[in-house]
Amino acid sequence: MTNTYDVILHADPVLKQVANPIGDIDADIQAQAEKMMNTMYETRGIGLAANQVNILNRMFVMDVDPTCWKYKNEGDQILQIESVHREGEDLTPNPLVMINPEIVKKSEQKSVYLEGCLSIPQQYAEVTRPAHVTVEYIDTDGNKQTWDASGLESHCVQHELDHLDGVLFIDYLSRLKRSTLIRKLEKFKKAEGLL
């Protein structure tokens with residue numbers, strides 16, 4: 001038996017549901033965190049929310065190496081984030097498990113990044129979000145943590161927290177862009193036998 005979950009694909013209704021707060025952080029929650037982390041690494045993602053594995057509790061995992069991104073245009077009104085890691089390079093693992101995460105501060109400064117999603121495979125679109133956020137969460141030992149995130153890390157936190165609120169990155173797109181992307185996704189799923 002593999003210690004991973006199946007990732008739920010769009011348009012499963014669980015992706016539009018709001019996840020419930022987690023009470024006690026017990027062995028089951030810790031096992032869920034480990035299994036979600038394994039799933040994220042196996043699918044080569046940088047973040048994974050509980051909704052995406054058909055569990056409606058408020059937890060997500062992420063791992064963004066702070067050296068794998070940079071701003072293309074420091075000082076501009078909207079910062080552009082660019083991935084800079086290359087295939088085969090050793091990345092520094094930076095695994096985070098966030099339980100009951102809450103953004104407590106957002107910057108006025110915005111940034112844009114070409115986002116994707118494990119539940120919407122092989123589809124990407126530019127999404128604009130606050131460039132810097134402060135997030136409070138509980139770790140798997142039950143300790144309250146505060147983390148300041150910028151750039152790709154900030155986008156990842158916001159993207160995963162959106163999942164817990166039933167929001168997908170495609171919800172930020174215009175109706176035309178969203179429907180075009182969903183059509184392309186359906187073609188991809190058909191070609192890959194995922195329907």
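Biologist: Hi! Which residues touch the most other members of the largest nonpolar core?
Modeller: In this predicted model, they are Phe60, Met62, Met98, Trp147 and Val157. The core has 24 residues.

Biologist: Nice. Which elements give two or more residues to this core?
Modeller: The strands are S2 (59-63), S3 (69-71), S4 (78-83), S5 (95-106), S8 (132-138) and S9 (144-150). Helix H2 (151-164) belongs on the list too.

Biologist: And where does the largest share come from?
Modeller: From H2, which gives five residues.

Biologist: Let's pick on Trp147. What is Trp147 in contact with, leaving aside its neighbours within four places in sequence?
Modeller: With that limit, Trp147 is in contact with Met62, Leu96, Met98, Val133, Thr134, Val135, Tyr137, Glu153 and Val157. Met62, Met98 and Val157 also came up in your opening question, as residues that touch the most other core members.
Modeller: There is another core lying apart from that one, by the way. It has 14 residues, among them Met36, Met59, Val97 and Ile99.

Biologist: OK, on to sheets. In what order do the five strands of the open sheet come?
Modeller: The order is S1-S2-S5-S8-S9, with antiparallel pairing. S1 (47-49) and S9 are the edge strands, so called because each pairs on one side only. From one strand to the next, the twist averages 40 degrees.

Biologist: How many bridges join S2 to S5?
Modeller: Five, and the two strands run antiparallel. Look for Phe60 there: it stands opposite Met98 in S5.

Biologist: Which helix packs on the sheet?
Modeller: That's H1, residues 27-42. H1 touches S1, S2 and S5, and its direction makes about 40 degrees with that of S2.

Biologist: Switching again: how are S6 and S7 joined?
Modeller: A hairpin of two residues links S6 to S7. Seven bridges also join S6 (residues 110-117) to S7 (residues 120-130), and these strands run antiparallel. As an example of facing residues, Ser111 stands opposite Arg129 in S7.

Biologist: Last one, Arg58. Buried or exposed?
Modeller: Arg58 counts as buried because its relative accessible area is 12%, and the cut-off for buried is under 20%.

Biologist: Where is the place of Arg58?
Modeller: You'll find Arg58 in the loop between S1 and S2.

Biologist: And what is Arg58 in contact with, neighbours within four places left aside?
Modeller: The contacts of Arg58 include Val18, Ala19, Asn20, Pro21 and Ile22. Met98, Ile99, Asn100 and Pro101 are in contact with Arg58 as well. Leu161, Leu164 and Asp165 complete the list.

Technical notes. Residues numbered from 1 in each chain as written. Predicted model: local features only at pLDDT ≥ 70, side-chain atom pairs only at ≥ 80, totals over all residues. Heavy atoms only, no water. Core = buried A, V, L, I, M, F, W, Y, C linked by side-chain atoms within 4.5 Å. Buried < 20%, exposed > 50% of the residue type's maximum accessible area, 1.4 Å probe, protein only. Helix = DSSP H or I, 4+ residues; strand = E, 2+ residues; numbered from the N terminus. Contact = heavy atoms within 4.5 Å. Axes fitted to C-alpha atoms, helices over the stretch in contact; angles between N-to-C directions.
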